[in-house]
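Me: I am new to this structure and would like to understand the reasoning behind its description. Could we go through it step by step, setting each value against the rule it has to meet?

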Amino acid sequence: MAISLDIRLKRADKIYCEEDNVTGVIVISSNSDFKHEGITLIMEGSVNIQVSTKNVGIIEAFYNSVKPIQLINLTCEVSGAGRLPSGTTEIPFEIPLKSKANRVLYETYHGVYVNIGYGLRCDIKRSFLSKDLQKSQQFLIQYRPGYNACPQLPLRDKRTPVNFELSPSTLSSGRTGAPDFLLKGVIDTVCCNISKPFKGKLVLVKCAVPVRSIELQLVRVETCGCAEGYAREATEIQNIQIGDGDAPQNIPIPIYMVFPRLFTCPTLITTNFKLEFEVNIVVIFQDDHLITNNFPIVLVRE
Ligand SMILES: *[C@@H]1O[C@H](CO)[C@@H](O)[C@H](O)[C@H]1NC(C)=O
Ligand SMILES: *[C@@H]1O[C@H](CO)[C@@H](O)[C@H](O)[C@H]1NC(C)=O
């Protein structure tokens with residue numbers, strides 16, 4: 001006997017906001033009728049924090065703050081024990097999205113050390129002679145525009161363009177050997193609407209050696225554990241080349257980067273973990289010399 005189980009969500013993009021109803025159907029197909037011991041649908045959401053091995057020692061001291069944080073845990077009894085007919089059975093469901101008490105449904109986020117995920121799981125229990133059936137279906141949470149899970153964000157009102165200038169004299173010590181150059185630029189804002197591209201422009205005013213590449217690097221900074229100590233990890237999300245080969249002097253080069261779904265989320269600062277983002281502007285000269293300028297940014301859903 002072949003039984004297949006599926007969970008189909010009504011929304012094709014699978015994106016929901018808190019208090020939306022998650023609707024869909026459980027689809028069960030079988031080539032003959034069969035008995036079951038009950039059908040349940042479970043909605044779960046959690047923040048999972050993993051610590052890099054280099055931090056395992058210090059993390060043991062604050063193990064409690066890296067336990068998964070459960071945001072939703074809802075069990076719906078779809079059906080008691082019974083019999084399903086052969087053919088296809090569709091069971092519609094509708095579950096309001098509500099967090100557990102004192103929790104917030106943070107946006108879905110896939111990081112290296114922090115993951116925030118939501119899903120539905122359908123279980124069909126069977127008698128001891130048959131295997132239980134199980135199927136999972138992920139969905140995504142997004143804030144309603146204007147919702148801010150994090151009122152005390154730094155840079156929040158930094159909506160004005162940020163001018164910057166890079167030259168050997170602006171580089172911190174230890175960067176000796178940089179060729180004589182001057183780069184001027186502007187970033188439209190460091191408080192960024194996550195659904196809009198990151199924009200600005202830069203101009204290479206002068207440079208003593210040819211440039212090989214100009215790159216924009218998007219970095220996530222994940223902090224795990226806050227009250228009792230912490231592990232802070234910066235890792236690259238993506239690297240985009242905005243200038244390939246020897247950049248012409250005194251011609252504006254646009255800075256343009258779309259924030260990738262799932263790998264970014266609105267900046268989040270909580271008592272147990274933080275998700276922050278930065279952009280590096282990297283210039284690589286033909287002689288392999290490399291300079292970097294770092295801009296902490298704030299992402300908001302608005
Ligand atoms: C989720 O809820 C179920 C049933 O209410 C319970 O048995 C289970 O322990 C809960 N899970 C967690 C991780 O709290
Ligand atoms: C943020 O970007 C979205 C998508 O482009 C747009 O609909 C929204 O109006 C923007 N919000 C603000 C405050 O500019």
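Me: What makes the pair formed by Asn-73 and ligand 1 a polar contact?
Reply: In this predicted model, a polar side-chain atom of Asn-73 lies 2.3 Å from an oxygen atom of ligand 1. The cut-off for a pair of N or O atoms is 3.5 Å, and 2.3 Å is within 3.5 Å, so the pair counts as a polar contact. Gln-70 also places a polar side-chain atom 3.1 Å from an oxygen atom of ligand 1, and the residues around this ligand are Gln-70, Asn-73 and Thr-75. Of the 360 Å² of accessible area that ligand 1 has on its own, the protein covers 28%.

Me: How do you know that Ser-195 makes a polar contact with ligand 2?
Reply: A polar side-chain atom of Ser-195 lies 3.4 Å from an oxygen atom of ligand 2, and because the limit is 3.5 Å, this pair is counted. For Asn-193 the corresponding distance to an oxygen atom of ligand 2 is 2.4 Å, which is likewise within the limit of 3.5 Å. Ligand 2 exposes 360 Å² when taken alone, and the protein buries 44% of that.

Me: Why is the shell around ligand 2 said to have 2 polar and 2 charged residues?
Reply: The residues around ligand 2 are Asn-193, Ser-195, Lys-196 and Glu-302. Lys and Glu count as charged, while Asn and Ser belong to the polar class, so the shell divides into 2 polar and 2 charged residues, with no nonpolar one.

Me: What makes strand 1 and strand 3 a pair?
Reply: Two strands pair if there are at least two bridges between them, and strand 1 and strand 3 (residues 21-30) have 7 bridges in the antiparallel sense, so the condition is met. One of the bridges can be followed by residue, with Ser-30 in strand 3 as the partner of Ile-3.

Me: Why are strand 1 and strand 8 called edges of their sheet?
Reply: The sheet is open and has 3 strands in the order 1-3-8, with antiparallel pairing. Strand 1 (3-9) and strand 8 (87-96) each have a single partner strand, so one side of each is left without a neighbour in the sheet. From one strand to the next, the twist averages 20°.

Me: How do you know that strand 12 pairs with strand 13, and which strands are the edges of the sheet with the order 12-13-15-18?
Reply: Strand 12 is joined to strand 13 (residues 181-187) by 5 bridges, and the two run antiparallel; because at least two bridges are required, they count as a pair. Val-162 stands opposite Ile-187 in strand 13. The open sheet has 4 strands with antiparallel pairing, and its edges are strand 12 (162-166) and strand 18 (253-257), each with a single partner strand, so one side of each lacks a neighbour in the sheet.

Definitions and conventions. Residues numbered from 1 in each chain as written. Chains lettered and ligands numbered in written order. Predicted model: local features only at pLDDT ≥ 70, side-chain atom pairs only at ≥ 80, totals over all residues. Heavy atoms only, no water. Near = heavy atom within 4 Å. Polar contact = N/O pair within 3.5 Å; in protein donor to acceptor, adjacent residues only side chain to side chain. Areas by Shrake-Rupley, 256 points an atom, 1.4 Å probe, with all protein chains shown as cover. Axes fitted to C-alpha atoms, helices over the stretch in contact; angles between N-to-C directions.
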